[in-house]
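The following briefing goes through one protein chain by topic, from its overall make-up to individual contacts. Please keep the sequence and the 3D view at hand while reading.

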Amino acid sequence: MGNSVAIGVAYQDQDLKGSSTVYAAATTGQIGYNTGSATTAPTSVTQATSKSTGVTINASVGQIVTNNAALAAGVEVAFVVTNSAISAYDIPVIAIASGAATAGTYLVSVVTVAAGSFTIAITNASTGSLSEALTFNFATIHVAQA
């Protein structure tokens, strides 16, 4: 346990407070969330009626499945993700995990962040109407508050 501090009969994980660098082994290391609590266990939610319908998912990581309602070419739609794990200082990160039949047909981004919610915008970047249920993976970079 090279990065642990001996405290007698057990080991205490290294405290990263005050550290300027965090490393993970290039071939096997990972930095991320474990499944140890309700706010870090990956969960999922599905939109009910349209791509503009808001969802609630109270976790730092998870999946959001959009409704398969049609989205016309060049049109952008936004929806609110209500999430008690989000502070106004946090940075939600989002990626399309599946659902798009052709890569590059959708653009997705987080457009606003507030305490308890963030807003996702989806743009149909193709030349035709699309009716696909998209699955987004999201994770939160939590930012310390002063």
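Of the 146 residues in the chain, 30% are buried, and it should be kept in mind throughout that the model is predicted. The secondary structure consists of 10 strands and 0 helices, so that the pattern read along the sequence is β-β-β-β-β-β-β-β-β-β. Among the contacts with a separation of 6 or more, 64% are between residues 24 or more positions apart.

**Strand pairing around strand 10**

- Strand 10, which covers residues 135-141, pairs with strand 5 (residues 61-65) in the antiparallel sense, and 5 bridges are found between the two.
- Within strand 10, Asn-137 is the residue that stands opposite Gln-63.
- Strand 10 also runs antiparallel to strand 7, to which it is joined by 7 bridges, and here Ala-139 of strand 10 has Val-93 standing opposite.

**The open sheet of 4 strands**

- An open sheet is built from 4 strands in the order 4-6-9-8, and its pairing is mixed; strand 4 (55-56) and strand 8 (106-114) are the edge strands, each of which pairs on one side only.
- Strand 8 and strand 9 run antiparallel and are joined by 8 bridges, with Val-110 standing opposite Ile-120 of strand 9.

**The aromatic pair**

- How many aromatic pairs does a search of the whole structure find? The search finds 1 aromatic pair, formed by Phe-118 and Phe-138, with 5.8 Å from centre to centre and 55° between the planes.
- The pair counts as tilted because its angle of 55° is neither under 30 degrees, as stacked rings would require, nor over 60, as edge-to-face rings would require.
- Distant parts of the chain are linked by this pair, since Phe-118 belongs to strand 9 (residues 117-124) and Phe-138 to strand 10 (residues 135-141), and the two residues are 20 residues apart.
- Are the two partners buried or exposed? Phe-118 is buried, with a relative accessible area of 1%, and Phe-138 is likewise counted as buried, with a relative accessibility of 4%; both values are under the 20% cut-off for buried residues.

**Ile-96 and its contacts**

- Ile-96 is found in strand 7 and counts as partly exposed, because its relative accessibility is 33%, which lies between the cut-offs of 20% and 50%.
- When residues up to four places away in sequence are not counted, Ile-96 touches Tyr-106, Val-108, Thr-135 and Phe-136.
- For one of these contacts, that with Tyr-106, the separation in sequence is 10 residues and the C-alpha to C-alpha distance is 8.7 Å.

**The surface**

- The chain exposes about 8700 Å², of which carbon and sulfur atoms supply 54%.
- Which residues make the nonpolar surface patch of about 440 Å²? The patch is made by Tyr-89, Ile-91, Val-93, Ile-141 and Val-143.
- One of these patch residues, Ile-91, lies in strand 7 (residues 91-98) and counts as partly exposed at 43% relative accessibility; residues in a patch must have over 30% relative accessible area, so this value is compatible with its place there.
- Val-93, another residue of the patch, is also the one that stands opposite Ala-139 in strand 10.

Notes:
Residues numbered from 1 in each chain as written. Predicted model: local features only at pLDDT ≥ 70, side-chain atom pairs only at ≥ 80, totals over all residues. Heavy atoms only, no water. Phe/Tyr/Trp six-rings, centres within 6.5 Å; stacked < 30°, edge-to-face > 60°. Buried < 20%, exposed > 50% of the residue type's maximum accessible area, 1.4 Å probe, protein only. Patch = residues over 30% accessible without salt bridge, like charges linked within 9 Å, V, L, I, M, F, W, Y side chains within 5 Å. Areas by Shrake-Rupley, 256 points an atom, 1.4 Å probe, with all protein chains shown as cover. Salt bridge = Lys/Arg side-chain N within 4 Å of Asp/Glu carboxyl O. Pairing = 2+ DSSP bridges. Contact = heavy atoms within 4.5 Å.
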